[in-house]
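Grab a pencil: here are a few short exercises on charged side chains. Each one comes with a worked solution.

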Amino acid sequence: MNSISFSNVFDVITNNKEEANELQVRADLMIALRDIVEDKGWKLAEAAEVFKLSQPQVSDLLQGKIDKLSIDLLMTCLNRYSCTHPISK
């Protein structure tokens with residue numbers, strides 16, 4: 001029996017390597033933001049305030065609705081978080 005392997009899980013759903021890579025980046029950013037929300041114990045309203053998103057957008061983020069949020073928006077959210085919560089040395 002032959003097995004099939006993929007370097008990117010999104011290669012399974014698209015034959016377009018660029019699209020698969022974009023989906024992987026978007027998923028990674030969403031996971032990072034979700035982890036921040038969970039680690040801080042934030043409610044939707046608190047996360048929405050820090051990320052400057054609507055509560056439905058935060059809900060989409062937490063539910064992993066990858067088609068709802070762009071890479072640009074996700075990067076902006078990470079930047080907004082880092083500006084209000086600087087990393088201490």
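Is aspartate 60 buried or exposed?

Solution. This is a predicted model, where local features need pLDDT of at least 70, side-chain atom pairs count only at pLDDT 80 or more, and totals for chains, interfaces and linings use all residues. Residues are numbered from 1 along each chain as its sequence is written, and side-chain values use heavy atoms, with hydrogens and water left out. Start with the cut-offs: buried means under 20% relative accessible area, exposed over 50%, and partly exposed in between (1.4 Å probe, protein chains only). Aspartate 60 comes in at 17% relative accessibility, so buried it is.

**Exercise 2.** Find the salt-bridge partner of aspartate 60.

Solution. First, the rule: a side-chain nitrogen of Lys or Arg has to sit within 4 Å of a carboxyl oxygen of Asp or Glu. Lysine 65 fits, with the closest N and O atoms 3.8 Å apart. Now check the partner: lysine 65 is partly exposed, at 32% relative accessibility.

**Exercise 3.** Work out which residues the shared salt bridges join into one network.

Solution. The network consists of Arg34, Asp35 and Glu38, linked by salt bridges that share partners. Take arginine 34 to aspartate 35: the closest N and O atoms are 3.2 Å apart. Next, arginine 34 also pairs with glutamate 38, at 3.8 Å from N to O. Those two are four residues apart in helix α1 (residues 17-40), about one turn of the helix; helices here are DSSP runs of H or I, at least four residues, numbered from the N terminus. Last, accessibility: arginine 34 is partly exposed at 29%, aspartate 35 is partly exposed at 30%, and glutamate 38 is exposed at 53%.
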